[in-house]
Amino acid sequence: WMEFVRNKPLRILAFFFITAFAMMSVSNAADSYFMTYSIGAPPFMTTAFMWLGTIPAFIFMPLVPAMKKRLGKNRMFKLFLGIAIAAMAAMYVCVRTPRILNHFWVLCVVQFIKSTGILVATGYMWALVPEVVSYGEHVTGRRVAGIVNALICIFMKAGMALGGAVPGLVLAWVGFQSNAPAQTPLAMEGILWLVTLIPAVLMLVSAFVIGRYELSDGRMSEINGIVESRHRND
């Protein structure tokens with residue numbers, strides 16, 4: 001509790017983890033409903049569509065160090081969170097437009113773009129954990145990496161729990177019936193919210209939260225130099 005109160009970057013990162021994992025949990029839980037009821041896809045196509053979301057990790061994650069060096073951490077986060085939000089809005093428009101919905105490849109392209117934004121932003125957030133550990137050591141003189149990682153995991157689990165509860169609550173509110181031969185328009189709209197609008201709102205919150213993160217690369221070089229100097233003197 002003491003570490004959480006006195007370490008501002010840790011608080012920011014912890015709340016980012018909550019919103020990011022809530023967003024991913026909502027989106028992942030809703031994908032199968034979306035493909036089954038909104039798209040009418042068979043199981044194989046549903047699996048392929050969901051696996052499509054993992055491909056950007058192998059393409060873009062190796063490029064993250066170069067992108068971070070060029071853009072800086074904050075701008076890189078905002079860029080890729082913005083890409084994901086724009087893709088979610090495009091997904092909503094595609095599903096609401098029957099002429100586009102008939103072209104499944106368009107949805108696949110949008111899914112790829114959305115996943116690119118999500119994977120880069122949520123993948124790089126783990127690189128910030130050592131930074132908040134070093135910041136805590138700089139402020140207090142104590143390196144409590146175990147406490148910091150434990151707090152991050154607690155907030156990660158809290159985000160997953162929150163995200164896991166949202167789909168059930170939304171589906172119950174819109175009157176979704178799993179055994180019904182056809183879903184009501186409101187139920188179909190609720191499924192679409194879970195895939196597009198609700199994750200987009202959570203990502204907007206994530207972008208706002210991470211925008212408060214102030215440990216730039218230059219600041220971290222300064223902090224690491226002070227910490228290393230202390231170690232040498234000890």
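## An all-helix chain, read residue by residue

I118 sits in helix α8, which covers residues 104-124. The model is a predicted one. I118 is buried, because its relative accessible area is 9% and the cut-off for buried is under 20%. Leaving out residues up to four places away in sequence, I118 touches M23, M24, A84, M88, G123 and M203. One of these partners, M24, is 94 residues away along the chain. The C-alpha atoms of I118 and M24 are nevertheless separated by 8.4 Å.

### The whole chain

How many helices and strands does the chain have? There are 13 helices and zero strands. Along the sequence, the pattern reads α-α-α-α-α-α-α-α-α-α-α-α-α. The C-alpha atoms fill a box of roughly 75 × 35 × 25 Å along the principal axes. The chain has 234 residues, and 45% of them count as buried. About 11900 Å² is exposed, with carbon and sulfur atoms supplying 68% of that area. Take the contacts between residues at least 6 apart in sequence: 78% of them join residues at least 24 apart.

### Helix α2 against helix α3

Two packed helices are described by the angle between their axes and the distance between the axes. Helix α2 covers residues 8-39 and helix α3 covers residues 43-52. Their axes come within 10 Å and cross at roughly 145°. The crossing of α2 past α3 is right-handed. Which residues meet there? From α2 come N28, D31, S32, F34 and M35. From α3 come M45, T46, F49 and M50. By class, this contact has five nonpolar, three polar and one charged residues.

### Helix α10 and its cover

Helix α10 runs over residues 145-173. Does its length come out short, long or as expected, and why? At 1.5 Å a residue, its 29 residues should span 42 Å. The end C-alpha atoms are 42 Å apart, so the span agrees.

The buried residues of α10 are V148, L151, I152, F155, M156, G159, G163, P167, V170 and L171. Their cover includes α1 (2-6), α2, α9 (129-140), α11 (185-195) and α12 (197-210). After α10 comes G175, with a positive phi near 80°.

L169 also belongs to α10. Is L169 buried or exposed? L169 is exposed, because its relative accessible area is 62% and exposed means over 50%. L169 and F104 are 65 residues apart along the chain, and their C-alpha atoms are separated by 29 Å.

### Helices α11 and α12

In α11, the buried residues are A187, E189, G190, I191, L192, L194 and V195. E189 is thus listed as buried beside G190 and I191. The buried residues of α11 pack against α2, α6 (73-96), α10 and α12.

Helix α12 holds both S206 and F208. S206 is buried, with a relative accessible area of 2%. F208 is exposed, with a relative accessible area of 55%. What does S206 touch? Beyond residues up to four places away in sequence, S206 touches F16, T19, A20 and L81. F208 and V195 lie 13 residues apart along the chain, with their C-alpha atoms separated by 21 Å.

### V95 in helix α6

The place of V95 is in helix α6. V95 is buried, because its relative accessible area is 15% and the cut-off is under 20%. Neighbours within four places in sequence aside, V95 is in contact with F34, L101, L107 and L192. Two of these names have come up already. F34 is among the α2 residues that meet α3. L192 is among the buried residues of α11. V95 and I85 are ten residues apart along the chain, and their C-alpha atoms are separated by 16 Å.

### C-alpha separations side by side

| Pair | Apart along the chain | C-alpha separation |
|---|---|---|
| I118 and M24 | 94 residues | 8.4 Å |
| L169 and F104 | 65 residues | 29 Å |
| F208 and V195 | 13 residues | 21 Å |
| V95 and I85 | ten residues | 16 Å |

How values were computed. Residues numbered from 1 in each chain as written. Predicted model: local features only at pLDDT ≥ 70, side-chain atom pairs only at ≥ 80, totals over all residues. Heavy atoms only, no water. Axes fitted to C-alpha atoms, helices over the stretch in contact; angles between N-to-C directions. Helix = DSSP H or I, 4+ residues; strand = E, 2+ residues; numbered from the N terminus. Left-handed = near helix turned anticlockwise from the far one by under 90°. Contact = heavy atoms within 4.5 Å. Nonpolar A, V, L, I, M, F, W, Y, C, P; charged D, E, K, R; others polar. Expected span 1.5 Å × (residues − 1). Buried < 20%, exposed > 50% of the residue type's maximum accessible area, 1.4 Å probe, protein only. Areas by Shrake-Rupley, 256 points an atom, 1.4 Å probe, with all protein chains shown as cover.
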